[in-house]
Amino acid sequence: MKHSKFKFTYVVVLASLLISSCTTDDSSQVYEPNNPQIIIINGELDVKSYHQDNHGSHKHVSKSQKTESFMETFESASKGSYAANTVNIPSSGIWYLNDALIGSLANDRKYGSKSIRIRNNGYAVMNFNMDNGASTVRIRHAVYGTNGASDWRLMASYDNGASWYLVGATVTSNSTTLNTVTFQVNDTTSVRYGIFKISGGGSRINIDNIEIDAAPLNNTNPDIDSNITFGNPSNAASTANNYFLSKPDFALSYNNSNGTPNWVSWHLSTAWTGTATRCNCFKSDQDLPSSFFKATSSDYTNSGFDRGHICPSADRNGDPDSNESTYYMTNIAPQAPDNNRKSWANFENYLRTLIQNGNEIHIIAGVTGTGGIGSNGYFTTISNGEITVPDSFWKVALILPNGTNDINRVTTSTRVIAINVPNNQYISTDWTQFLTTVDNIEQLTGYDILENIPDAIENVLEATVDNEPIS
């Protein structure tokens, strides 16, 4: 546990407020005070804090949250009142929200359908501990609707919530898009965290996708890391053709008009792979809004195109559930058989050889353009026009030795491989024939592929065509 500086000790009394009724917006409601809750602040801890302008969620959701890394998206939470109360969230544990609720309105800034909304001097805290401590805490934040700016602090408790420390820098939420702040907490003993709104009065803020990384900073063993460490390349959120979905095994942007993903992002190391059987269990993705088109496996039958995985099945064979996740149709696009089974598959296999040699890889892949040549000839769509056939499949892979704090370890010498493969039959089986630059893929797609890497390094990496030997 790191107690580097204690700047003050005081008690903050926060009045819990009760909403009298619910409508489309809470700005016109009448509130009545409930019983006050007491947060005892013992001091302040200096830790490194990094502010990033990006819009993506990051972390794999672990199956044992109290000892391993996890991310809470609040999609399974429900609390419609500002009155102080606990919220039992199956994906993480019990949280305590005071002057805060789970927001699902159009004005709530969020990924998916829900986020925390906090007003006045409200707070949201974990009622469970990270038993093994944590190395980093990442939080996405924005203002609610067009509200004014507010300040907030990260809090940490090392005595099961009896007392708290303010951690890191004060954060100002003043953007209408979700941005990320990362706290390098380096806690090595049992700890729980919370968010405390310290200014802005009735102006409200949204908090979403709280990610806690339990991995020690000096860990060099293969690990299950963030699936979107290097950013959200299209700023995907809640629009129909750029809809953000965060799965335990990958993150993606879905295009409802095309019936395919725009891109999929995932982390690859030997911690993700194993001996689970390929499930071949293609299925519609019910996480999409009810109004969206949801592709089925039969939409591809006799089309002349394969059900082409973007995140491969073999990259997620560490357990059956993980492998099954890759068969959501939101991870699938119409792919020419010679592309899918030969050049594309050969590159996937090559990347898996790299993780066997002590590396981890951050991968972003997707589709672009319209029209491809399958086994039945050239088509622009399948399934009566509901699914667009892409012109090409692209992929970017950033390779690092196993470790932690990956963004901070990237240099201008870090290996990045980018390919763009035509979605056609009879193309070369040699994936190196399709090498390109990240810059070229960004020009094709309009995305910012490696947005979280410092600009001076990003500019070098994105202009480079990989020329390292592959044998």
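How many salt bridges does the structure hold? In this predicted model, the structure holds 15 salt bridges. Several of these are described below, after an account of the confidence of the prediction.

The protein chain has an average pLDDT of 88, and 87% of the residues reach a score of at least 70. Two stretches with a pLDDT below 50 are residues 27-36, which make 25 contacts in the model beyond near neighbours in sequence, and residues 55-65, for which the corresponding number of contacts is 58. Where pLDDT is low, the predicted coordinates should not be read in detail.

One of the salt bridges joins the side chains of D338 and K342, with an N to O distance of 3.4 Å. Both residues belong to helix α2 (residues 337-355), where a spacing of 4 residues separates D338 and K342 by about one helical turn. The two partners differ in their surroundings: D338 counts as buried because its relative accessibility is 12%, under the 20% limit, whereas K342 is partly exposed, with a relative accessible area of 36%.

R415 takes part in two of the salt bridges described here. With D466, the side chain of R415 meets at 2.9 Å, N to O. This pair links distant parts of the chain, as R415 lies in strand β26 (residues 415-422) and D466 in the segment after α5 (455-462), 51 residues apart. Both R415 and D466 are buried. The second partner of R415 is E468, the closest N and O atoms of this pair being 3.8 Å apart. Here too distant parts of the chain are linked, with E468 in the segment after α5 and R415 in strand β26, 53 residues apart. E468 is partly exposed at 39% relative accessibility, while R415 is buried, with a relative accessible area of 11%.

A further group of charged residues, R138, R140 and E211, is linked in a network of salt bridges.

Backbone geometry was also examined. N235, a residue other than glycine, adopts a positive phi near 55°. N235 is placed in the loop between β13 (205-213) and β14 (238-239), and is partly exposed, with a relative accessible area of 41%. A positive phi, near 50°, is likewise found for N280, also a residue other than glycine. N280 is located in the loop between β17 (260-268) and β18 (306-309).

Notes
Residues numbered from 1 in each chain as written. Predicted model: local features only at pLDDT ≥ 70, side-chain atom pairs only at ≥ 80, totals over all residues. Heavy atoms only, no water. Helix = DSSP H or I, 4+ residues; strand = E, 2+ residues; numbered from the N terminus. Buried < 20%, exposed > 50% of the residue type's maximum accessible area, 1.4 Å probe, protein only. pLDDT = per-residue confidence, 0-100. Contact = heavy atoms within 4.5 Å. Salt bridge = Lys/Arg side-chain N within 4 Å of Asp/Glu carboxyl O.
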